[in-house]
Amino acid sequence: MTPAITITEIQGRGRSLISTRQLKSGEIILKDSPILLYSASSFVSKTPHFFCSNCFKSINSQSPSLVSCQSCSSSGLSTLFCSPECYATAKQCFHSPWACEALRRFVSPVLSCYPDNVEVHLQVRFLVAALCLGIVSPEGFRVLMSLQGDGKDSDEARFIYSVIKDVRVPVEGFVVSLEIVVALLDKDKLNAFGLMEPFEEGKERAVRAYGIYPNASFFNHDCLPNACRFEYVDKNSGGDNTDMVIRMIHDVPSGREICLSYFPVNFKFGDRQKRLLEDYGFKCECDRCRVEANWSDDEEDGDGGGDNEGMEEEEEEKEEEWNDDEQMVEDGMAEEEGTDQNNDFPHAYFFVKYMCNRNGCGGTLAPLPPRSLSDSSSDLMECNVCGNLTKDS
Ligand SMILES: [Zn+2]
Ligand SMILES: [Zn+2]
Ligand SMILES: [Zn+2]
Ligand SMILES: [Zn+2]
């Protein structure tokens, strides 16, 4: 952790990150390296994924230095590396002979039991990476096990356990039990961050890889976050290209909880609530959700999904409300810096100032980092999805 934030237990929110002093917009409050990374490609990907399975940078299919793992290819898996150096590094860690064999053992059971269930394919990739971490870095594995998540027994977990239980982990006393598999899968579900493919206009952005970031996983969610994450997988040239950089969106006083949004900020109320409940197991009661829950309290609750038409209409109404809000902001109704808690639309200001307006982007803007803490914040805003730089208006 940097001195700017500290872990504190907040009642009802669990372990949380709090500012230890006044934080400046654009300030980098955390740079976190992953303890493990795994590819987000399915086992039956029809189009090969051209990124390196070690450094996760894009690779050109024509590149002469491209190497593919022959053992994987002969089992029908595509595991590519950008260079012999990356392949050599991977062999010491996440693509060790042990990991390669464990992964290959899954190919035929996965293809016969879960051919189309990409989620299971990714769970398999994660589990192999997690056990590999246990082999190469007991300390890293201990950190992984200390993260949130205990899980519930499931058919998928039993399936993965049934295959992996016969693969001996070369660590004395390390026995893979169903309980460990279940707990690990839940830790992945609750804590993994997706490293995204670069933004391309008009194209849906896919996840390239997933990573466990031990410090960043302490950030709680807020639908109006005060910090956001940047990643530079293809941009950074050093070994730190998979690091996650968390920057402040705006100024925050000391003692405030620092939150990220776990998905694009422009998700609608119903979608956000559903996603947070299904994927993270909690009901969001942030300021924005409390306001939006009242927008149409007669319709939002208790809809079992049978009345889709009504739902859509309702969403349209909300859309209009958003637009009205934005208009009022532009007319000068929310001139004050920061959000007013008693305001009926605290998020309208946020949307105008901190949402990327590029078509289909949905990214969040944060100022470039100030050169020093005594410096004033930059007036150049960077989008954390498309990378656009715009002048702060
Ligand atoms: Zn590489
Ligand atoms: Zn291999
Ligand atoms: Zn919320
Ligand atoms: Zn953008």
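Tutor: Two strands pair if DSSP finds at least two bridges between them, and strands (E, at least two residues) and helices (H or I, at least four residues) are DSSP runs numbered from the N terminus. With that in hand, we can look at this predicted model, in which local features need pLDDT of at least 70, side-chain atom pairs count only at pLDDT 80 or more, and totals for chains, interfaces and linings use all residues. Residues are numbered from 1 along each chain as its sequence is written, while chains are lettered from A and ligands numbered from 1 in the order in which they are written.

Student: What makes β7 and β8 a pair?

Tutor: Five bridges join β7 to β8, and the definition asks for at least two, so they pair. The two strands run antiparallel, and Leu195 has Ala209 in β8 as its bridge partner.

Student: How many bridges join β4 to β8?

Tutor: Four, again with the strands antiparallel. There, Leu36 has Ile212 of β8 as its bridge partner. Together the strands make an open sheet in the order β4-β8-β7.

Student: What makes β4 and β7 the edge strands?

Tutor: Each pairs on one side only. From one strand to the next, this sheet twists by 30° on average.

Student: Which residues of β4 point one way, and which the other?

Tutor: Leu36 and Tyr38 point one way, Leu37 and Ser39 the other. That follows a general pattern: side chains in a regular strand alternate between the two faces of the sheet. In β4 the residues on either side are all buried.

Student: Why is Phe56 called buried or exposed?

Tutor: Phe56 has 23 C-beta neighbours inside 10 Å. A residue is buried if 20 or more other C-beta atoms (placed from the backbone) lie within 10 Å of its own, exposed if 12 or fewer, and partly exposed in between, so Phe56 is buried. Phe56 sits in the loop between β4 and β5. Its phi is positive, about 65°, although Phe56 is not a glycine. Most residues other than glycine have a negative phi.

Student: And how do you know which class Pro84 belongs to?

Tutor: Pro84 has 11 C-beta neighbours inside 10 Å, and is therefore exposed. Pro84 lies in helix α2, residues 84–91. Leaving aside residues up to four places away in sequence, Pro84 touches Ser65 and Val67; a contact here means C-beta atoms, placed from the backbone, within 7 Å. Pro84 and Val67 are 17 residues apart in sequence, with 6.3 Å between their C-alpha atoms.

Student: Why is α4 described as it is relative to α7?

Tutor: Helices α4 (residues 118–136) and α7 (residues 178–191) pack at about 110°, with axes 10 Å apart. Axes are lines fitted to C-alpha atoms, for helices over the stretch in contact, and angles run from 0 to 180 degrees between N-to-C directions. Under 35 degrees is roughly parallel, over 145 roughly antiparallel, 65 to 115 roughly perpendicular and the rest oblique, so α4 is roughly perpendicular to α7. Among the residues in contact are Phe126 and Leu127 of α4 and Leu184 and Leu185 of α7. The contact has six nonpolar, one polar and one charged residue. In that count Ala, Val, Leu, Ile, Met, Phe, Trp, Tyr, Cys and Pro are nonpolar, Asp, Glu, Lys and Arg are charged, and the others, Gly among them, are polar.

Student: What makes α4 oblique to α5?

Tutor: Their axes cross at roughly 135° and come within 5 Å. That angle falls in none of the other three ranges, so α4 is oblique to α5. The contact includes Ala130 and Leu133 of α4 and Phe141 and Leu144 of α5. Its residues are five nonpolar, two polar and no charged ones. Helix α4 also lies across β4 and β8, running at about 150° to β4.

Student: Which residue stands opposite Cys228 in β11?

Tutor: Arg247 does. β10 and β11 pair in the antiparallel sense over five bridges, and they belong to an open sheet ordered β3-β11-β10.

Student: What is the mean pLDDT of the chain?

Tutor: The mean pLDDT (the predictor's confidence in each residue, from 0 to 100) is 86, and 85% of the residues reach 70 or more. Over residues 298–342, the pLDDT is below 50.

Notes:
Two residues are in contact if their C-beta atoms, placed from the backbone, lie within 7 Å.
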